[in-house]
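Let's take a walk through this fold, one piece at a time. Keep the model open beside you and follow along.

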Amino acid sequence: MASNELPAGGLHDGLAQATADAGVDAIVIACAGRTFIAGADITEFGKPPAEPSLHAVLALIEGSGKPVVAAIHGTALGGGLEVTLACHYRVGVKGARFGLPEVKLGLLPGAGGTQRLPRVVGVQKALQMIVSGDPIGADEALTHGLLDEIVEGDLAAAGVAFAEKVLAEKRPLKKIRDLTDKIAAVRSKPEIFAEFRKSVARQTRGFRAPENCIKAVEAAVNLPFDEGLKRERELFVELLNSPESKAQRYFFFAEREAAKIPDVPADTAAREIRTAAVIGAGTMGGGIAMNFANAGIPVTVVEVAQDALDRGLGIVRKNYEATASRGRLTAADVEKRMGLIRGTTDWKAIADADIVIEAVFEEMPIKKEVFAKLDAIAKPDAVLATNTSTLDVNEIAGATKRPESVIGTHFFSPANVMRLLENVRGAKSSKTTVATVMALGRRIGKVPVLVGVCYGFVGNRMLHQRGIQADKLVLEGALPHQVDKVLTDFGFPMGPFAMGDLAGLDVGWRIRKGRGVKAPVADRICELGRFGQKTGAGYFRYEKGDRTPIPDPDVEKIITEVASEQGIVRRHIGDDEIRERLLYPMVNEGAKILEEKIAIRASDIDVIWVYGYGWPVYRGGPMFWADSIGLRALRDRMLQFKASTGDAFWTPAPLLDRLATEGKGFVGG
Ligand SMILES: NC(=O)c1ccc[n+]([C@@H]2O[C@H](COP(=O)([O-])OP(=O)(O)OC[C@H]3O[C@@H](n4cnc5c(N)ncnc54)[C@H](O)[C@@H]3O)[C@@H](O)[C@H]2O)c1
């Protein structure tokens, strides 16, 4: 029996003993507890390796003169799977899962995984497993030769029975390092690698690890085993020291850290959520209801009128059917989920809900009216949540006699897809209320991050700063496609102008008109009926049925006209200036957010930006990224902009200024 953590000194000693013991004919490696070895302790990366090295243990297993059988349950991941690949045979239970997830930390499997896996499952399957990092189940593992047998009953006993069979049948010791048939088949077909690279180009853009994973598998095909191992090591070390992997490993911990609320310990009692209700079946309400149904939680959706309800639930059904048509849900799943969503115009239907999430129009009087009603109808211990993106959660809570039960749950659009959930803690939200929405977020597959009340909360507040500069940049000389390209080159899925076109420019236009605010370029674009993708034109134009933004001379004309009306002499603006002007103000706002304690920690801000706004994870998040540039350099650049424009916008936040002067960073101190 081995412990399910690596490095496995115990495994080494046990093996050495069993190998030396003349009374032992075969060795079975199985783990106690819930799982087989589920990977290395990632806090160990970057430190000197503990002895004995995993390589030495694997060499001992593979070189054993007695058959070694891995008996697997739970998950054999990373180094765990690499241990099984050094064994001569592998058996596992039906529920076992097998994977090499190192790529998700910007690394590659560095203990022979890239050399042995293709020799067992073939090059294409190995590429897919190593480059995606996603695990496969036992049936698939059996089909591809990764498992020799699926076993039932007591695992250790089943492993021993299999080993006895190997001995009785005098089966040879199958050393994966010596298998060549599956890799030899690919030697004459190098196009397999070119095709694979092409197939993953989109989703791996900007990441460094996937390419090194592919190179390592190429080495498995083209080099003798021991040289392949050396090449794997070189490629691994290159990744270990890369900024991309450092950012991804930082982010791995940042995400877990976000679950911790200093004054709401993990054992704080949360309310159990058995049933839920959503008020409003619009864009957000429908998506939020889907989250509950997907998690098997019955949800009641309340609307003002039957037609709005029918429209909203019709869109929910269409969404599910689209997923089913792509083969990712069965027709029965669609009906099951729709069966969990009950629409009504009768408010009394919410009386039993454990949580009610309001997603009605973004207007304070309406929100207050809704919360007064919820206060009257909802059961006393229900959590009352608002999905507002800009309104004061404390004021909304004030419309009830139970502000301790009120909290913000800010979902992102599309609410059934986006992983981020900004939970907004009101001044009076109780610890139980906080604990409930944090636990609920995890249960419905979100990444919940707790923030405080302020305009725009964390994400949109920082986004607003970027938007201000994007608008200025186009007036001063850049064009929307140039601004957007700087951000897509940086790693964002899209830039601010394409994002505006996707969301619909009419939304902001209506809000501006209501408030008497002007945005000359955007207003003129909207006056032409150009509302973005939905009208085939906005900041860009779009071909029918295609979402690719195409630069439009008509928009350039509007921009140059507005610039000349404002007396702005347009000039060439380089990409570096664009990037700095878009991103530094976000970092500065992040510093203010930290000072005001709206976010608990800098890494929470990074989690919000990666999961809510497409900040590339291989750059860690805005605060980690700022540290990697150096806060002194960033602060000084802001001061240069301030000096050249005279604009107080560029005043560094006191926290940024102090950390810059002290030579410190946001995340590492
Ligand atoms: N759309 C987004 O991207 C987004 C993102 C995050 C948060 N939000 C917030 O979510 C909320 C809803 O936004 P949306 O985009 O879904 O709006 P929407 O206009 O699509 O939907 C609002 C729905 O609420 C219904 N409604 C209005 N008053 C009601 C009442 N008194 N009782 C019951 N139903 C009522 C309307 O009929 C409509 O169907 C807003 O607070 C908005 O700020 C929106």
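What follows goes through two sheets, then some helix pairs, and ends with a few local oddities.

Keep in mind that this is a predicted model. A good place to start is the open sheet built from four strands, which line up in the order E1-E2-E4-E7 with parallel pairing. At its edges sit strand E1 (27-29) and strand E7 (149-151), each of them pairing on one side only. Going from one strand to the next, the twist averages 30°. As a general point, the strands of a sheet pair through backbone hydrogen bonds, and they can do so in parallel or antiparallel fashion. Here, E1 and strand E2 (residues 68-72) go for the parallel sense, with three bridges between them. If you want a spot to click on, try Ile 27, whose bridge partner in E2 is Val 68. Helix H7 (residues 155-168) packs on this sheet, where it touches E1, E2, strand E4 (89-93) and E7. The direction of H7 makes about 150° with that of E2.

Now for another sheet. This one is also open, with three strands in the order E3-E5-E6, and its pairing is mixed. Why is one side of E3 and of E6 left without a neighbour in the sheet? Strand E3 (75-77) and strand E6 (136-137) are the edge strands and each has a single partner strand, so there is nothing in the sheet to fill the other side. Strand E5 (residues 97-99) pairs with E6 in the antiparallel sense over two bridges, and you can find Arg 97 standing opposite Gly 137 in E6.

Helix H3 (residues 79-86) takes us from sheets to helices. H3 lies across E3 and E5, and runs at about 90° to E3. H3 also has a helix to pack against: its axis and that of helix H2 (residues 54-62) come within 8 Å and cross at roughly 25°. That angle makes H2 roughly parallel to H3. On the H2 side, the contact uses Leu 54, Leu 58, Ile 61 and Glu 62, while H3 brings Gly 79, Glu 82, Val 83, Leu 85 and Ala 86. Sorted by class, the residues of this H2 and H3 contact come out as six nonpolar, one polar and two charged.

Further along the chain, helix H28 (residues 631-645) is worth a longer look. How does H28 pack with helix H29 (residues 654-662)? Their axes are 8 Å apart and the angle is about 130°, which means that H28 counts as oblique to H29. The crossing of H28 past H29 is left-handed. From H28, Leu 631, Arg 632, Leu 634, Arg 635 and Met 638 take part, and they meet Leu 656, Asp 657, Leu 659, Ala 660 and Thr 661 in H29. By class, the contact of H28 with H29 has six nonpolar residues, one polar and three charged.

H28 also packs with helix H25 (residues 575-595), and here the axes come within 10 Å and cross at roughly 110°. That makes H25 roughly perpendicular to H28, and this crossing is left-handed. The residues to highlight in H25 are Glu 577, Glu 580, Arg 581, Tyr 584, Val 587 and Asn 588, which meet Leu 634, Arg 637, Met 638 and Phe 641 in H28. The contact of H25 with H28 divides into five nonpolar, one polar and four charged residues. If you compare the residue lists, Leu 634 and Met 638 turn up in the contact with H29 and in the contact with H25.

Next, the rings. A search of the whole structure turns up 18 aromatic pairs. One of them is Phe 492 with Trp 609: the ring centres are 6.5 Å apart and the planes stand at 90°, so the pair is edge-to-face. Phe 492 lies in the loop between helix H20 (480-490) and helix H21 (496-503), whereas Trp 609 belongs to helix H26 (residues 602-613), so the pair ties together parts that are 117 residues apart in sequence.

Last come two backbone details. Most residues other than glycine have a negative phi, and most peptide bonds are trans. Lys 170 is not a glycine, yet it has a positive phi of about 50°; look for Lys 170 in the loop between H7 and helix H8 (181-187). The bond joining Ser 413 and Pro 414 is a cis peptide bond, with omega about -10°. Pro 414 has its place in the loop between strand E13 (406-411) and strand E14 (420-425).

Note on methods. Residues are numbered from 1 along each chain as its sequence is written. This is a predicted model: local features need pLDDT of at least 70, side-chain atom pairs count only at pLDDT 80 or more; totals for chains, interfaces and linings use all residues. Side-chain values use heavy atoms; hydrogens and water are left out. Axes are lines fitted to C-alpha atoms, for helices over the stretch in contact, and angles run from 0 to 180 degrees between N-to-C directions. Angles under 35 degrees count as roughly parallel, over 145 as roughly antiparallel, 65 to 115 as roughly perpendicular and the rest as oblique. A crossing is left-handed if the near helix is turned anticlockwise from the far one by less than a right angle, and right-handed if clockwise. Contact means heavy atoms within 4.5 Å. Ala, Val, Leu, Ile, Met, Phe, Trp, Tyr, Cys and Pro count as nonpolar, Asp, Glu, Lys and Arg as charged, and the others, Gly among them, as polar. Two strands pair if DSSP finds at least two bridges between them. Rings of Phe, Tyr and Trp (its six-membered ring) pair if their centres lie within 6.5 Å; planes under 30 degrees apart count as stacked, over 60 as edge-to-face and the rest as tilted.
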